[in-house]
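Dear colleague,

Please find the structure below, together with its sequence. A short account of what was found in it follows, and I would be grateful if you read it with the structure open beside you.

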Amino acid sequence: MPKINLFFSILLIGSIPFTSNAQHTCSFIPTESSRGSFDLDARWQKSNITVSFVNGTPFLHNKVKKYASEWSKYANIQFEFVNYQEADIRVGFFQGKGSWSLLGNAAANFSKNIQTGEIEPGRGGISMNFGWFNHTTQEEEFARTILHEFGHALCLEHEHKNPIAGIKWNLEALHQYYLKNDGWSPNEVYHNVLKPNSEDQTNGEYDPWSIMHYPISPNLTLDGYGVDWNRALSPGDIKLIGQLYPKQPNQPFISTKSYSHLTTLTAGEGLWKLVYSKSSDPSGETWMTSPEFPAPSVFQKWGEQYQITHLSYLNDQWQIGLQQLSNQPPQLCLTNTDFPKADLLNYGEQGYSVACLTFGQKKWVLVLSKGYKNQFVHTSTEFPETQVEKKWDESYRITSLQFVEDQWCLIMQKNTEYLGQTYLLSTEFPSSEIEERQSEGYAITQIGYGAGNWLVVLSTGTPIAEQSILTTSKFKLDDIKQRLKR
Ligand SMILES: [Zn+2]
């Protein structure tokens, strides 16, 4: 489907520069003015960023140099102050023109013409302005404003627009306040204060102490919620900027992404183990659980471009995880009381391969996906350690694992996203070994329990950045849905 792919890439390219983010108005009132919020599209892909001054005095330049470099203590970012005009970030000190910055790398590609207020391609104009600094400005006003605008320049968004914040604004009071103090239209109030950032632009936490948060007078909210002046980087700001621009090269920046997935689950010794992951994979995910196989619901989800990625029958319940993967032909299900070997071969010849399989209510259920894959499907009462190692050498990786009918049942496949793979097999749940592997860059990709043993498969090369294992005696679908929302 090359046509559809092309369509998507055009959409993405076109949508980056001309959003409201590119023109990031951020007018503080002179007597006023992300844990957080950010725009990954605007993240700099380099660590040395050049900065020039278009006007202003050496006194003001030194203030900017001093406070901008605060961010460098916690991020792999150096600001290099240069004497030529066309730097990555071009700072102006135009009085009465507000304090604002373009968002992140938009500064390298766009300028604001200070005369016309227009955003233009290229570096002809400025990308940041300080509209009320002079030689009598208070030191904390320099600190607050410079830290905030350079936060924008590093791709941080306004924290009060974090969708998790849930601020109950008194809209009438808010519009009056900004009209009186800044001359903002309701539209400007919407863009600077109200318009929520999308959920994927937060790291799942709301930080009212962030330097990127406007102060909020309790008079402007319906429930008296207020936020005081933030004048320094908060612990949340420091954490977030370190995640976006990690100082250690092998620490993946994607750990800030808030996409949550339930990667795998199993049940053993009367407990459920659910492995949740933060991942850069944005595909939507949904889960079903039911005492009977929920065929109608599965058909419906297939129609909405979902594919089954997890299937198990544990403690008399079917658990089905689905992900929304566009451009994929529909799956199909094979069920049979005996393992449907002949059918499987047939479908294999038609170009299908097994996505997942399990055994429940006295029948095998196999989910097949279109797309031929080199597969190795294996069942045995003992975990087949030597076969697995042999297949690893042939660049197969474990993609599905179940203990069903007193047998370990695993699927190994070629050409997966997994680079390395390892497993832990243990009568005790191997928590500390898992943590050790995770610190080496492995993520849990499958988990199973059978014949008194926990089996945990860990892989590298996944989009997974952070994981947590939830242990619970009850399987509650509502809890899963709640967690996946974040
Ligand atoms: Zn701002």
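**Aromatic pairs**

The count of aromatic pairs in this structure comes to 22. Please bear in mind that the model is a predicted one.

One of these pairs consists of Phe-293 and Trp-318, whose ring centres are 5.2 Å apart; their planes stand at 90°, so the pair is edge-to-face. Distant parts of the chain are linked by this pair: Phe-293 belongs to the loop between strand S10 (285-290) and helix H8 (295-303), while Trp-318 belongs to strand S12 (residues 317-324), 25 residues apart. Both Phe-293 and Trp-318 are buried.

Trp-392 and Tyr-423 form an aromatic pair that is tilted, with 5.8 Å from centre to centre and 45° between the planes. Since Trp-392 is in helix H10 (residues 385-393) and Tyr-423 is in strand S19 (residues 421-426), the pair ties together parts that lie 31 residues apart in sequence. Are these two residues buried or exposed? Trp-392 has a relative accessible area of 17% and is therefore buried. Tyr-423, with a relative accessible area of 13%, is buried as well. The cut-off for a buried residue is under 20%.

There is also an aromatic cluster, formed by Phe-53, Phe-59, Phe-81, Phe-93, Phe-130, Phe-133 and Phe-142.

**Charges over rings**

Two lysines deserve a look in this context. The charged end of Lys-112 is placed over the ring of Trp-100, at 4.4 Å from the centre of that ring. Lys-391 lies over the face of Phe-376, and here the distance to the ring centre is 4.9 Å.

**A sheet of three strands**

Turning to the backbone, you will find an open sheet of three strands in the order S13-S15-S14, paired in the antiparallel sense. Which strands stand at the edges? They are S13 (332-336) and S14 (352-360); each has a single partner strand, so one side of each is left without a neighbour in the sheet. From one strand to the next, the twist averages 20°.

The antiparallel pairing of S14 with strand S15 (residues 363-370) runs over eight bridges. Within it, Leu-357 stands opposite Leu-366 in S15. Helix H9 (residues 341-349) packs on the sheet and touches S13, S14 and S15. The direction of helix H9 makes about 160° with that of S13.

With kind regards

Conventions:
Residues numbered from 1 in each chain as written. Predicted model: local features only at pLDDT ≥ 70, side-chain atom pairs only at ≥ 80, totals over all residues. Heavy atoms only, no water. Pairing = 2+ DSSP bridges. Helix = DSSP H or I, 4+ residues; strand = E, 2+ residues; numbered from the N terminus. Axes fitted to C-alpha atoms, helices over the stretch in contact; angles between N-to-C directions. Contact = heavy atoms within 4.5 Å. Phe/Tyr/Trp six-rings, centres within 6.5 Å; stacked < 30°, edge-to-face > 60°. Buried < 20%, exposed > 50% of the residue type's maximum accessible area, 1.4 Å probe, protein only. Lys NZ or Arg CZ within 6 Å of the ring centre and 35° of its normal.
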